[in-house]
Structures are given as C-alpha cells and as structure tokens.
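Welcome, and thank you for taking a look at this protein with us. Please have the sequence and the model open as you read.

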Amino acid sequence: MYKNIDKQMKLQLKELVTYQEHQVVSKTLVQNEAVSMTIFSFDKGEEISTHASGGDAMVTVLEGTGRFTVGEQVFALQEGETLIMPKGIPHAVYGQERFKMQLIVSF
C-alpha cells in the first residue's frame with residue numbers, strides 16, 4: 001500500500017522531497033514485507049554510511065549526481081541512471097553534489 005503520496009495524479013518523484021542544508025531527507029512511499037520504496041534528497045557532502053541490506057536494492061537518481069560504493073566498486077550516477085546493489089553486499093551513498101534518488105528494496 002502506498003502512503004505519503006497522492007494517488008490518481010501525475011507526479012514528479014523528485015518533487016516529493018526537498019533539500020535541507022547538511023541533511024539527508026527521506027520520504028517512505030511503500031513499506032511491507034516484500035518491498036520498500038523511499039525517495040531521498042542528499043545535501044552536498046552528506047552520506048549514508050556503509051551498511052548491508054536484507055534485500056536487493058535498486059537506486060535511480062532523479063536529480064544531480066550521487067556516488068555509490070558497492071563492495072569495492074564506486075559508481076557515480078547522474079539523473080536517469082540506475083544501479084542494483086545486491087542483498088548482503090555492503091554499500092554506501094554520498095552526495096557529490098545535491099542529489100535526489102528513488103530507492104526500491106525487494107525482499
């Protein structure tokens with residue numbers, strides 16, 4: 001079930017979260033035992049430190065550029081680019097500049 005989002009309306013996902021100075025902001029749209037969907041905004045220099053997920057995580061950058069470290073590999077993703085971060089592989093996210101992303105985790 002979707003929450004925190006209008007239904008039967010045309011949306012721009014990147015408009016669902018705003019930037020806040022020195023912060024990572026998130027808005028959860030779906031959270032259940034099968035899937036989690038969250039929209040994030042990162043201020044420049046902000047990060048989510050290294051962690052592992054209980055499911056496969058797919059990120060799509062909606063605006064700006066983010067740096068994703070998955071295991072030993074580093075990826076710079078720009079608007080419209082997507083990356084899959086496999087279950088159990090440590091990963092981290094860093095705001096090279098202000099950016100927004102959609103995160104979908106399937107369990």
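What follows is a short tour of the strands, the core, the aromatic rings and a few unusual spots.

## Two sheets

Keep in mind from the start that this is a predicted model. A good place to begin is the sheet in which 5 strands follow the order β1-β2-β9-β4-β7. This sheet is open, and its pairing is antiparallel. At its edges are β1 and β7, each of which pairs on one side only. On average, neighbouring strands here are turned by 20° against each other, with direction ignored.

Inside this sheet, β4 and β9 run antiparallel and are joined by 7 bridges. One residue pair to look up is Glu63, whose bridge partner in β9 is Lys100. On to β7: this strand pairs with β4, again in the antiparallel sense, over 4 bridges. There, Val59 has Leu83 of β7 as its bridge partner.

The model also has an open sheet of 4 strands, ordered β3-β8-β5-β6 and with antiparallel pairing. Its edge strands are β3 (47–51) and β6 (73–78), and each of them pairs on one side only. Neighbouring strands of this sheet are turned by 15° against each other on average, direction ignored. Between β5 and β8 (residues 91–94), which run antiparallel, there are 4 bridges. Phe68 is found opposite Val93 in β8.

## The nonpolar core

Which residues touch the most other members of the largest nonpolar core? They are Val59, Phe68, Leu83, Met85, Phe99, Met101 and Leu103, out of 15 residues in that core. Two or more residues each come from β2 (35–42), β4 (56–63), β5 (65–70), β7 (82–85) and β9 (99–106). The largest share belongs to β9, with 4 residues.

Leu83 is a helpful residue to click on. Setting aside neighbours within four places in sequence, Leu83 is in contact with Ala57, Met58, Val59, Phe68, Val70, Phe75 and Leu77. Another core lies apart from the largest one; this other core has 8 residues, including Val17, Leu29, Val30 and Ile39.

The strand β7 shows how side chains can be sorted by face. In a regular strand, side chains alternate between the two faces of the sheet. Along β7, Leu83 and Met85 point to one face and are buried, whereas Thr82 and Ile84 point to the other face and are not buried.

## Aromatic rings

Next come the rings. A pair of aromatic rings is described by how far apart the centres are and by the angle of the planes. The structure holds 3 aromatic pairs, and two of the pairs are set out here.

| Pair | Arrangement | Centre to centre | Angle between planes |
|---|---|---|---|
| Phe40 and Phe42 | tilted | 6.1 Å | 40° |
| Phe42 and Phe99 | stacked | 4.7 Å | 15° |

Why does the pair of Phe42 and Phe99 tie together parts that are 57 residues apart in sequence? Phe42 belongs to strand β2 while Phe99 belongs to strand β9, so the pair links parts separated by that distance along the chain.

Are these rings buried or exposed? Phe40 is buried, as its relative accessible area is 11%. Phe42 is buried too, with a value of 0%, and Phe99 is buried with a relative accessible area of 0%. Through ring pairs, Phe40, Phe42, Phe68 and Phe99 are linked into a cluster.

One more ring deserves a look, that of Tyr19. Over this ring sits the charged end of Lys100, 4.8 Å from the ring centre. Lys100 is also the residue that serves as the bridge partner of Glu63.

## Unusual backbone angles

Finally, let us turn to the backbone. Most residues other than glycine have a negative phi. Gln8 has a positive phi, near 55°, and is not a glycine. Where is Gln8 found? Gln8 is in the segment before β1 (24–31). With a relative accessible area of 86%, Gln8 is exposed, because the cut-off for exposed is over 50%.

His22 is another non-glycine residue with a positive phi, of about 60°. His22 also has its place in the segment before β1. At 55% relative accessibility, His22 counts as exposed.

Notes:
Residues numbered from 1 in each chain as written. Predicted model: local features only at pLDDT ≥ 70, side-chain atom pairs only at ≥ 80, totals over all residues. Heavy atoms only, no water. Buried < 20%, exposed > 50% of the residue type's maximum accessible area, 1.4 Å probe, protein only. Core = buried A, V, L, I, M, F, W, Y, C linked by side-chain atoms within 4.5 Å. Contact = heavy atoms within 4.5 Å. Phe/Tyr/Trp six-rings, centres within 6.5 Å; stacked < 30°, edge-to-face > 60°. Lys NZ or Arg CZ within 6 Å of the ring centre and 35° of its normal. Pairing = 2+ DSSP bridges. Axes fitted to C-alpha atoms, helices over the stretch in contact; angles between N-to-C directions.
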